[in-house]
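Okay, thanks for coming, everyone. Let me put the structure up and then talk you through it.

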Amino acid sequence: MVTVASRAELERLLEDDVPYGDLTTEALGIGAIDGVMQFTARSPMVLALAEDAAAIIALAGCEVELFAASGAALEQGAPILGARGPAAGLLRSWKVAQTLIEIWSGVASETRAIVDAARTVAPQIPVACTRKNVPGTKRFAVAAVKAGGAVMHRLGLSETVLVFPEHRAFLGERPLFLAVERLRQAAPEKKLVIEVKTADAALAAAVAGFDVIQAEKFSPAEIAALVKRIASMAYTRARPIIAAAGGLNAANAAAYAEAGADVLVTSSPYLAKPKDVQVRMMAADEREMPDKGSNRPAAQIVRETICAPGNRA
């Protein structure tokens, strides 16, 4: 099993929630009682971060079986994982693991909705999610986006070249083609991307030699007109890619794809409502654990015994 976060990062998540022990469990004196725990999908969802959630439970000293992998589309009532161990470990890890799945499955599910909508009219169009996730959560955000079937637009400022109007505010009257020359000398292996807010600015960027034109808050009709104008121009290089950005979501993704955009850029999955994971916990009883002889089709179940990251099963 591969987790997104390292063992140390997962341990910090547990420590954040249980810094000085579980007062309630300790006060009740129930920590040593063996128990079982089951996670199921309360509603349809695209699953994300299931492996990390399972690893968190394993770090708390429990044995875990994972029944679905991140990226799987789950129906209501579908099993996600089962765990067995001392009540102290189950109760310590329960809420952190549950919340991790719920939040990031919400992101993955919304991402998948956008991808599916766009690909009803353009089967190969990529959907790219921006870096506008909650600071400090990038590992999880990237994993959720990928689970939903999209790609990352850019991971940060260090690996991509994207000229915003905010950059141009410091360039004065310098012609765009001179900025392109400088960028190609400084970053010769990188695609050059520029954000524009008008069709005229997009055409100027195409003439200057940018590789990707990111059309910010254009309507689908404006994207269609821009694509037509860009296609009619003569180029010494390949024609620039047109990326539609700003305000894209599952409701309008198909319209932008139909308009002819090459890429859809969006931040909306990060605002998705979390999905609901049902958790059942009880004192140990073999009948309550998932049956290894289950007659569910193999295609519907991914079974894996989880140990704490860094240990072997």
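I'll take the sheet, then the helices on it, then the cores. One thing up front: this is a predicted model.

So, the sheet. It's an open one built from seven strands, and the pairing is parallel. Reading across, the order goes β7-β6-β12-β11-β10-β9-β8. Which strands sit at the edges? Those are β7, residues 151–152, and β8, residues 161–163, and each of them pairs on one side only. If you zoom in on β8, you'll find three bridges joining β8 to β9, residues 192–196, with the two running parallel. Across that pairing, Leu162 stands opposite Val193 of β9.

Now the helices. α4 packs on the sheet, where it touches β6 (127–129) and β12 (263–266). The direction of α4 makes about 155° with that of β6. Helix α9, residues 220–231, also packs on the sheet, touching β10 (212–216) and β11 (241–245). For α9 the angle with the direction of β11 is about 170°.

On to the cores. The largest nonpolar core has 62 residues, and the members touching the most others are Trp104, Ile194, Phe210, Ile213, Ile223 and Leu264. Which helix gives the most to this core? That's α4, residues 87–119, with nine residues.

Let's pick out Leu264. Ignoring neighbours within four places in sequence, Leu264 contacts a whole list of residues, including Ala118, Ile125, Val127, Leu248 and Tyr256. And there's a second, separate core of 23 residues, with Ala54, Leu74, Ala83 and Ile101 among them.

Key
Residues are numbered from 1 along each chain as its sequence is written. This is a predicted model: local features need pLDDT of at least 70, side-chain atom pairs count only at pLDDT 80 or more; totals for chains, interfaces and linings use all residues. Side-chain values use heavy atoms; hydrogens and water are left out. A nonpolar core is a set of buried Ala, Val, Leu, Ile, Met, Phe, Trp, Tyr and Cys residues joined through side-chain atoms within 4.5 Å. Buried means under 20% relative accessible area, exposed over 50%, partly exposed in between (1.4 Å probe, protein chains only). Helices (H or I, at least four residues) and strands (E, at least two) are DSSP runs, numbered from the N terminus. Contact means heavy atoms within 4.5 Å. Two strands pair if DSSP finds at least two bridges between them. Axes are lines fitted to C-alpha atoms, for helices over the stretch in contact, and angles run from 0 to 180 degrees between N-to-C directions.
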